[in-house]
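Keep the sequence and the model side by side for this walk. We start with the fold and end with single residues.

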Amino acid sequence: MKKVLLIASILTVAVISTACINNLAVQDLNNKAKAYADKGDYTQAIERLKSSIDLDPSVFETHYNLAIVYTKAEDYVNAINEYKTVISMKPDLADSYYSLATAENNLAIAISRGNYRLNEDGSVVPAGSEEEQSSELSEKDKSLMMELYDSAIQNYEKYLELNPNAEDKDEVKETIERIKRYQNPPEEQQEKEENLLVQ
C-alpha cells in the first residue's frame, strides 16, 4: 500500500512539475513573441505563439495575441480563424468581437481590391500575380466579400451590445453605417467609401 501511495505521489509531483515547466515555457514563448511583434517581425512572433499553443492550447491570452499578430501582419484569414477560437473560449469579451469585425472588414476590402481570391476549394488565398490582382472579381469573390461585410456588421453590433458604454461607440456606429453604404452605393461613391473603411 505504501508503495502505491509513493508511486501516486511521485506521479502527482511529476504532473505538477510538467505543468509548471509548460507554464514557464509558454510564458517565455509569449514574451519572445511580444518582443518580435514590437520589432515588426510578425513571422517570428507568429511562430513563437503557435509553439506556445502547441504546449498549452488552453491559454486564452496566447490565442488572442496570435490573432492580433495575424491582424498586424495583414493575414486576415488566419486572424479571423483565431478570433473565432478566442470567442469560443470567452464569448463575453467585447473586444474580441470588435477585433474579429475589423479583420473581416479588412479582408473584404482586400478582396474588393483584388488582393485575395476565393479558391475553387473554398479557401481564401492571396492573389498571386499582378494579372490576378487586377482582373475583375468573380461572383464568388463578390459574394464572399458581402458575407464578410455582413459578419463584420454583426460582430461590431455584438461588441456594442456587450460594451454599451464603449468610448468608441459613435465611431463603431459610423463604421457600421459606412459598411452598409458601401454594400449598396452608387458606383462613383463606392471607391471613395472603400478608402474610408480601412481600419
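Buried here means a relative accessible area under 20%, exposed means over 50%, and partly exposed lies in between. By that cut-off Tyr83 is buried, because its relative accessible area is 3%. We return to Tyr83 below. One caution applies throughout: this is a predicted model.

Start with the overall fold. The chain forms nine helices and two strands. Along the sequence the order is α-α-α-α-α-β-β-α-α-α-α. The chain has 199 residues, and 38% of them count as buried. Its accessible surface comes to about 12,000 Å². Carbon and sulfur atoms hold 51% of that surface. Now take the contacts between residues at least 6 apart in sequence: 51% of these join residues at least 24 apart.

Next, look inside. In soluble globular proteins, nonpolar side chains tend to be buried together. In this model, the largest nonpolar core has 42 residues. Those with the most contacts inside the core are Leu107, Ile111, Met145, Leu148, Tyr149, Tyr156 and Tyr159. Several helices supply two or more residues to the core: α1 (2-39), α2 (42-55), α3 (60-72), α4 (76-89), α5 (94-112), α7 (139-162) and α8 (169-183). The largest share, ten residues, comes from α5.

Now turn to α4. This helix has 14 residues. From its first C-alpha to its last it reaches 20 Å, close to the 20 Å expected at 1.5 Å a residue. Which residues of α4 are buried? They are Tyr76, Ala79, Ile80, Glu82, Tyr83, Val86 and Ile87. An α-helix has 3.6 residues a turn, so residues three or four places apart point the same way. What do the buried residues of α4 pack against? Their partners are α2, α3, α5, β1 (116-118) and α7.

The α3 side of this packing can be followed through Ala67. This residue lies in helix α3. Ala67 is buried, because its relative accessible area is 0%, and the cut-off for buried is under 20%. Set aside neighbours within four places in sequence, and Ala67 is in contact with Ala79, Glu82 and Tyr83. Those three are among the buried residues of α4. Ala67 and Lys84 are 17 residues apart in sequence, and their C-alpha atoms are 9.2 Å apart in space.

Met89 shows another part of α4. Its relative accessible area is 30%, so Met89 is partly exposed. Not counting residues up to four places away in sequence, Met89 touches Pro57, Ser58, Val59, Phe60 and His63. One of these, Ser58, is 31 residues from Met89 along the chain. The two C-alpha atoms are separated by 8.5 Å.

Aromatic rings add further links. The whole structure holds five aromatic pairs. One of them joins Tyr64 and Tyr83, with ring centres 6.2 Å apart and planes at 75°, so this pair is edge-to-face. Tyr64 sits in helix α3 and Tyr83 in helix α4, 19 residues apart. Tyr64 is buried, because its relative accessibility is 14%. Ring pairs also bring in Phe60, which forms a cluster with Tyr64 and Tyr83. Phe60 has a charged companion too: Lys90 lies over the face of its ring, 4.5 Å from the ring centre.

A second ring pair is Tyr98 with Tyr156. Their centres are 5.6 Å apart and their planes lie at 65°, so this pair is edge-to-face as well. Tyr98 is in helix α5 and Tyr156 in helix α7, so the pair ties together parts that are 58 residues apart in sequence. Are these two rings' residues buried or partly exposed? Tyr98 counts as partly exposed, because its relative accessibility is 22%. Tyr156 counts as buried, because its value is 1%. Tyr156 also appeared among the core residues with the most contacts. Elsewhere, the charged end of Lys158 sits over the ring of Tyr97, 6.0 Å from the centre.

Finish in the loop between α3 and α4, the place of Glu74. Most residues other than glycine have a negative phi. Glu74 is not a glycine, yet its phi is positive, about 60°. Glu74 is exposed, because its relative accessible area is 51%, and the cut-off for exposed is over 50%.

Methods
Residues numbered from 1 in each chain as written. Predicted model: local features only at pLDDT ≥ 70, side-chain atom pairs only at ≥ 80, totals over all residues. Heavy atoms only, no water. Core = buried A, V, L, I, M, F, W, Y, C linked by side-chain atoms within 4.5 Å. Buried < 20%, exposed > 50% of the residue type's maximum accessible area, 1.4 Å probe, protein only. Helix = DSSP H or I, 4+ residues; strand = E, 2+ residues; numbered from the N terminus. Phe/Tyr/Trp six-rings, centres within 6.5 Å; stacked < 30°, edge-to-face > 60°. Lys NZ or Arg CZ within 6 Å of the ring centre and 35° of its normal. Contact = heavy atoms within 4.5 Å. Areas by Shrake-Rupley, 256 points an atom, 1.4 Å probe, with all protein chains shown as cover. Expected span 1.5 Å × (residues − 1).
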